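Please explain how the strands of this predicted model are arranged into sheets. A walk through the pairing, strand by strand, would help.

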Amino acid sequence: MRATDEPAPPPGESARPGAGDEYSATVLGSHWFQRPEPDTTVTATVREVSGVRDGGTRPDRTEGAVLRFGPGVQGALAHRAGRTPPPAPPPVRPRRPGPRRYALPALVLLAVLVLLAWQRLGPELAVRGAAVTAPSATVACDSTADVVGTVTTNGRPGTLTYRWTRSDGTSSGVLREEMARGQKEARLHLLWTFEGPGRYEARAELRILSPSARTTTADLTYACP
């Protein structure tokens, strides 16, 4: 019960403890334990600043009162995939050697080929000259004279065919001389043997048959008292 001699507190002002012997615990409890209205200031501010709507991108994480928003892992990958990669530098082409580098080897090879072709396909064996030499002194009794025929050629390889003919009517038949490459001279020998007493004026004839026809002779004397 409130004393009748104390004035009533003004309207809207609660009774303070100690102001009197009695106070309303119910009114005081309802004042101190009244639940405050929910504060939506932070949520509204974050929504207004970030522009997040229902169904939008959720923040990656929350640190205290600061909220960070981002595209997330999938969004980052999509963003990277959408970037155009920088153009690759053009390939460096190796420098090709100039034609002058191969000029000297090409000339050497060409010279070798020409030489081989000339040696194989060049002119054939040809006779340039022929001569026969007989002993200058008189052939003695029962002795053999060495008559030498000298044939000059152009140095090409080939076969030289010839025949010796003596003045007594005998012939050697066809003989052959192989000429090597670069050989420009051939010495052909005729061994003529004389017997018995007497004096004989003899002649030896060298007839070239191939590669071209040519004839040359030499005289010699046999004397045996």
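A convenient place to begin in this predicted model is one pair of residues: Glu 201 has Thr 221, in strand S9, as its bridge partner. That pair belongs to the contact between strand S8, residues 198-210, and S9, where eleven bridges link the two strands in the antiparallel sense.

S8 and S9 are part of an open sheet of four strands. Read across, the order is S6-S5-S8-S9, and the pairing is antiparallel. The edges are formed by strand S6, which covers 175-179, and strand S9, which covers 214-224; each of these pairs on one side only. Within this sheet, neighbouring strands are turned by 25 degrees against each other on average, with direction ignored.

The next step is another sheet. This open sheet has three strands in the order S3-S4-S7, again with antiparallel pairing. Its edge strands are S3, residues 127-133, and S7, residues 185-193, and each of them pairs on one side only. From one strand to the next, the twist averages 15 degrees.

Which strand is joined to S7, and by how many bridges? Strand S4, residues 144-153, is joined to S7 by nine bridges, and the two run antiparallel. At the residue level, Asp 146 has Leu 191 of S7 as its bridge partner.

To retrace the path in the sequence, S4 lies at 144-153 and S8 at 198-210. In the sheet orders, S4 stands between S3 and S7, while S8 stands between S5 and S9.

Notes: Residues numbered from 1 in each chain as written. Predicted model: local features only at pLDDT ≥ 70, side-chain atom pairs only at ≥ 80, totals over all residues. Heavy atoms only, no water. Pairing = 2+ DSSP bridges. Axes fitted to C-alpha atoms, helices over the stretch in contact; angles between N-to-C directions.
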